[in-house]
Amino acid sequence: MIGHELGGRYEVIERIGGGGMALVYKAHDILLGRNVAIKVLRQQFVHDEEFIRRFRREAQSAASLSHSNVVSIYDVGQEDDIHYIVMEYVEGHNLDEIIKERAPLQVDEAVRIASQICDALDHAHQNQIIHRDIKPHNIMIGRNGRVKVTDFGIARAVTSTTITQTGSVVGSVHYFSPEHAKGVVTGEKSDLYSLGIVLYQMLTARLPFLGESPISVALKHLQEEFEEPREVNPLIPQSVENIILKSMRKNPQERYQSAKEMLQDLETCLLPERRNEPKIEFADMDDEDRTRVIPAIKPEPRSVSRAKAQAVDDDDEEDEPRDGKGKKPKKKKSGRAALWISLTLVVLLALAGVVWYVNQKLVVPDVTVPSVINMTEEQARKSLSDKGLLVEDPVIRKYNKDFDDGIVYEQSRPEGTVVKKGAAIQLTVSTEKPKVPMPDVKGLTFDDARKALLAKGVKDDNIKKKEEFSDDVEKGLIISSDPGANSEVDADNQEITLTVSKGRETIKMPDLIGKTQQEATDLIEKNGLKLLRVVEEDSYTVEKGKVIKQFPFDPNTQATPNAEITLTVSKGYPADALNYTLNLPVAPVEEGKNTKVQIKYSDAHTEGKTVDWGTKTIQTTQVLPIDLVVDPNRDAVVTVLRDGQVFDTYSVRYTDVQNGTVPQIELPAMGGDDPGDPGHEVDHGDSGDSGNGDDQGTDTTLNDHPGKGKGKNKGKGPDTETVIYR
């Protein structure tokens, strides 16, 4: 069944349980994308038409139930000889596992569980559905604490042939009601009796009736009283014990009359005013169907028998008629004696039959359990059968790395244990190494996918990572896995490859700035990009025909393949820009001695920023050509520094260059190191003065009109005035 797609819709993942009638599998509903539980009828029942008919009818009836404490039934179907019921999958444990692990449970927890079971029974009874097999195995506790009752309606489908099946009754006989044990019609009160036993077991960690065989347990349900709960666990409040005592009365008339009545009791039993209520009392309502002990017939002493016989004879003689001589006529007594003898023999034969029946049914010989470890399952079954023992169904099949497939490695009763003939032994048989279903990890991060695989038992070393570009999956998320989702995986040995998205494929954007248009176009095509358009733009800084800007990707950033690129190419200087070469004379401080001269300038080409033209060491007067660009919005300014000190500043106006009226700069006078060194002064006066500046050194007056410059020299050396006309 594992891996089979049942009904073209349910993919069977793993087996999660089973009983004498059916096996339960976990499956995935492909259509709705959810996990479900599928109960599959055992093969020995698939040819019982009456059973199948009831199985379907009761399953369909149970499907009509809709309650938060009832496992929902989704579908009923058949595929070839496979009859199945699809139901809600509950993630959690059944109550039997919880009882074995930590019973006795806390009183409030046990009452809470019992209340939810009772609520489910009330809903079912109102829909004319009797469970008939309430036991911890059929109670699921979800991870959220929600109680779910399963197998509604299934127990009703059991025919008389299944009663004798090994394990079918053994597993449930401890929870039978007396009327169930008698084989008479059972009703709602039978479910409440079974619920009382479940509550008893939760609070005491034991069952009320135990025996060597199912028959002996059933007889105890009919005849014997159980040990009261508070005698086993004194922590149980009297109000809770009263519920158990009332629900487990042998006479159904003395039990709760409905699940609703019992539920009301459960919901209020832990209130402070009820916890110490008086112990419940019941009238001695003897069940006329209860098995009774017939007193043995004891022989009377011979003298007494004779006296009684003589008395009888005397009485008879008084009533008998006499003849004419007063004598009694003789009468035969053999008829009456024969009658008494016959009755006595019948009673003795009946007692002998009872004794023989009890010996046959209840007195079971002891058997010593043999060891079947390391045998095949077939050999183990034969070995136990030879001893008069049975194999409990179902056999537990679980992987064990130390044993081969099909070999018994555990038995419920160890070798040498003495049990009654006919007892069932639970076998655990090794299976092939189990494969786990591959989880669907698409869309997860690698770390999350790795955690999901580790939770399935996959070894960390077997998880491999592969990266690929993807236009659809976000960077860092899983694109696919090999093997794919829901595939069977060998958790110990199989290698699993997870393909992780690197996002959209990118390339490194080349640097096109400063390249010619043709060079840029070639690089675009070489890198798998496309040239969208070329835009021309004036530029003072980039040579004509070369790239100024690239869009939308900057140089050395990541670009997507086939992206469209826009280039901005320089048209050179604007049409109204003018070039001008300023012949700048420079002189040393003293002829023949080294003077360090540094030139700085700003113009339209530098966009108004002052840049360094260069530095020269001179000993004689020289003329340096300074190339400048001016436009209507920006003039040029040249600054001369001698030995690190600003010597002079010259301005070249756009209008002067345009009109050809830029004046020539005269050679500067050389100055000594004494305080009388000549200096330059820029004077924007309106009249031509003799050029006396305020600075030491050479004074230079820049006038708009000849003869209007004024300046006053306060230096100590001789003054030289140079007038530059604009």
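1. A quick definition before anything else: two strands count as paired when DSSP finds at least two bridges between them. Keep that in mind for the sheet described below. Please also remember that this is a predicted model.

2. The overall picture comes next. The protein chain has 726 residues, and 41% of them count as buried. Its secondary structure consists of 16 helices and 34 strands. If you take the contacts with a separation of 6 or more, 62% are between residues 24 or more positions apart.

3. Let's start at the sheet that holds β3. This open sheet has six strands, in the order β1-β2-β3-β4-β6-β5, and the pairing is antiparallel. Its edges are β1 (5-6) and β5 (73-79), each of which pairs on one side only. At the β5 edge, the neighbour is β6 (residues 82-88), joined to β5 by six bridges in the antiparallel sense. There you can find Ile73 opposite Met87 of β6.

4. Strand β3 (residues 22-29) deserves a closer look. Seven of its eight residues are buried, which leaves the strand mostly covered. On one side, β2 (residues 10-18) pairs with β3 over seven antiparallel bridges. On the other, β3 meets β4 (residues 34-41) over eight bridges, again antiparallel. Val24 is a handy residue to click on: Gly17 stands opposite Val24, and in β4 the bridge partner of Val24 is Lys39. The hairpin of β3 and β4 has four residues between the strands, and Gly33 there takes a positive phi near 65 degrees.

5. Where does the largest nonpolar core draw its largest share of residues from? The core has 69 residues, and Phe152, Leu199 and Met202 are the ones touching the most other members. Its largest share comes from helix α3 (residues 107-126), which supplies ten residues. Leaving aside residues up to four places away in sequence, Leu199 touches Ala110, Ala114, Ile243, Ile244 and Leu266. A separate core of 22 residues lies apart from this one, with Val586, Ile599, Leu628 and Val638 among its members. As background, nonpolar side chains tend to be buried together in soluble globular proteins.

6. Now helix α6 (residues 188-204). Its 17 residues should span 24 Å at 1.5 Å a residue, and the end C-alpha atoms are 25 Å apart, so the two values agree. The helix is mostly covered, with 16 of its 17 residues buried. Just past α6, Ala205 has a positive phi of about 65 degrees.

7. Is Ser194 buried or exposed? This residue is found in helix α6. Its relative accessibility is 5%, which is under the 20% limit, so Ser194 counts as buried. Ser194 touches Ile134 and Tyr175, again not counting residues up to four places away in sequence. From Ser194 to Pro136 the C-alpha distance is 9.9 Å, while the two are 58 residues apart in sequence.

8. On to the rings. The model holds five aromatic pairs. In one of them, Tyr540 and Tyr573 have ring centres 5.5 Å apart and planes at 35 degrees; that angle is neither under 30 nor over 60, so the pair is tilted. Tyr540 sits in the loop between β23 (530-537) and β24 (547-551), while Tyr573 sits in the loop between β26 (564-570) and β27 (578-586), so the pair ties together parts 33 residues apart in sequence. The two tyrosines have separate labels for exposure: Tyr540 is buried at 12% relative accessibility, whereas Tyr573 is partly exposed at 34%. Elsewhere, ring pairs link Tyr200, Phe209 and Phe226 into a cluster.

9. Two charges also sit over rings. The charged end of Arg249 is over the ring of Phe282, 4.2 Å from the ring centre. Likewise, the charged end of Lys465 lies over the ring of Phe446, at 5.1 Å from the centre.

10. One last stop is Thr566, in strand β26. What does Thr566 touch? Beyond residues up to four places away in sequence, the contacts are Leu532, Arg533, Val535, Lys549, Gln550 and Phe551. With a relative accessible area of 8%, Thr566 is buried.

Key: Residues numbered from 1 in each chain as written. Predicted model: local features only at pLDDT ≥ 70, side-chain atom pairs only at ≥ 80, totals over all residues. Heavy atoms only, no water. Phe/Tyr/Trp six-rings, centres within 6.5 Å; stacked < 30°, edge-to-face > 60°. Helix = DSSP H or I, 4+ residues; strand = E, 2+ residues; numbered from the N terminus. Buried < 20%, exposed > 50% of the residue type's maximum accessible area, 1.4 Å probe, protein only. Lys NZ or Arg CZ within 6 Å of the ring centre and 35° of its normal. Core = buried A, V, L, I, M, F, W, Y, C linked by side-chain atoms within 4.5 Å. Contact = heavy atoms within 4.5 Å. Expected span 1.5 Å × (residues − 1).
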